[in-house]
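The exercises below ask you to read a structure step by step, with a worked solution after each task. Please look at the sequence and the model before you begin.

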Amino acid sequence: MSASPRPRRRLRNRLMLVFAGFTLLLAMLFGVYALLFVYTVEDRLFDTLLEREAAAQQAHYAAHGRWSPPRNGFMDVVERTDALPDGIGDVLGEEPARREFAGTQGRHYHLRALDPPEPAPRAWLVAEVSGLLAVRPMRSEMLQLLAWTGAIAVALALLVGGWLARRTTAPLSRLAEAVGDATPERLPPHFAAGFPDDEVGLLARRLDDLIARIRAFVEREREFTRDASHELRTP
């Protein structure tokens with residue numbers, strides 16, 4: 001009898017793909033959260049510096065009736081919206097709640113409103129932070145590191161998934177080979193003893209019981225046929 005053909009969709013390959021896909025998804029989520037974290041920390045640092053400077057400016061204006069030069073050299077006080085650099089005033093007119101702006105030639109700005117007592121108009125505390133950015137200049141290196149880390153994680157997942165898939169599917173393969181070519185004349189007796197005590201072993205024991213019943217049925221049929229043949233030959 002010819003050997004049974006191998007299945008086109010092997011369980012081992014599907015398990016490996018599941019491991020690799022799940023690991024790739026986790027690596028992508030980790031990369032996204034890592035980038036969001038570093039950007040958030042950097043922006044929060046600038047916001048804290050602006051909040052402190054804005055509080056100092058408000059106190060100075062309340063005491064002296066004018067704004068003071070900021071203590072940080074990358075900050076400046078702008079008293080008119082149309083005097084904001086790089087067209088920030090036009091963007092601010094369309095998006096009043098926006099406080100972070102990208103300028104020309106790689107400049108980057110953070111804004112904080114300064115509200116003096118009326119009738120004085122609102123002023124703006126502007127911080128040009130392009131020289132202080134730590135994340136954006138190394139963004140490509142971070143993405144490369146995350147990509148290599150994800151690739152290594154997927155490769156390890158494939159190795160672990162392949163090892164686990166082989167251990168998981170090996171009893172199933174042995175069970176398929178044990179019963180694949182079974183016939184009433186050549187049934188493997190008590191083959192379930194070599195299988196582990198799990199779902200595959202349970203299936204093997206059930207098949208072993210079934211084969212035993214089939215063997216007993218075949219034996220009874222042979223005895224009946226032999227007795228019937230003897231009776232027919234006897235006068």
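**Exercise 1. Decide how exposed Asp86 is, and describe its backbone**.

Solution. Asp86 has a relative accessible area of 31%, so the residue is partly exposed; buried means under 20% relative accessible area, exposed over 50%, and partly exposed in between, with a 1.4 Å probe and protein chains only. Next, place the residue: Asp86 belongs to the loop between strand 1 and helix 2 (88–94), where helices (H or I, at least four residues) and strands (E, at least two) are DSSP runs numbered from the N terminus. Finally, turn to the backbone, where Asp86 has a positive phi of about 55° although it is not a glycine. Most residues other than glycine have a negative phi, and most peptide bonds are trans.

Before going on, note that this is a predicted model, in which local features need pLDDT of at least 70 and side-chain atom pairs count only at pLDDT 80 or more, while totals for chains, interfaces and linings use all residues. Residues are numbered from 1 along each chain as its sequence is written, and side-chain values use heavy atoms, with hydrogens and water left out.

**Exercise 2. Find where Gln105 sits, and state whether Gln105 is buried or exposed**.

Solution. Start with the location, which is the loop between strand 2 and strand 3. These two strands form a hairpin with five residues between them, and within that hairpin Gln105 takes a positive phi near 55°. As for its surroundings, Gln105 has a relative accessibility of 75% and therefore counts as exposed.

**Exercise 3. Work out how strands 1 to 4 are paired**.

Solution. Two strands pair if DSSP finds at least two bridges between them. First take strand 2 (residues 100–102), which runs antiparallel to strand 3 and is joined to it by three bridges; here Glu100 stands opposite His110 of strand 3. Then follow strand 3 to strand 4 (residues 123–128), where the pairing is again antiparallel and extends over six bridges. Within this pairing, Leu114 has Ala123 of strand 4 as its bridge partner, and Leu111 faces Val126 in strand 4. Last, strand 1 is joined to strand 4 by four bridges in the antiparallel sense, with Val78 standing opposite Trp124.

Now consider how covered these strands are. In strand 3 (residues 108–114), five of the seven residues are buried, and the strand is mostly covered. In strand 4, five of the six residues are buried, so that strand is largely enclosed by the rest of the structure.

**Exercise 4. Locate the cis peptide bond**.

Solution. The bond in question runs from Glu118 to Pro119 and has an omega near 10°. Pro119 itself is found in the loop between strand 3 and strand 4.

**Exercise 5. Identify the aromatic pair and classify its geometry**.

Solution. The structure holds one aromatic pair. Its rings belong to Tyr61 and Trp67, and the pair is tilted because the planes meet at 35°, with the centres 4.4 Å apart. For the cut-offs, rings of Phe, Tyr and Trp (its six-membered ring) pair if their centres lie within 6.5 Å, and planes under 30 degrees apart count as stacked, over 60 as edge-to-face and the rest as tilted. Both partners can then be checked for cover: Tyr61 counts as buried at 17% relative accessibility, and Trp67 counts as buried at 12%.

**Exercise 6. Describe the surroundings of Ser68 and Asp43**.

Solution. Ser68 lies in the loop between helix 1 (11–64) and strand 1 (75–78), and with a relative accessible area of 16% this residue is buried. Leaving aside residues up to four places away in sequence, Ser68 touches Gln57, His60 and Val77, where contact means heavy atoms within 4.5 Å.

Asp43, by contrast in location, lies in helix 1 and is buried, with a relative accessible area of 18%. On the same counting of neighbours, Asp43 touches Glu100, His110 and Arg136. Glu100 and His110 are the residues that stand opposite each other in Exercise 3. Asp43 and Leu133 are 90 residues apart along the chain, and their C-alpha atoms are separated by 9.3 Å.
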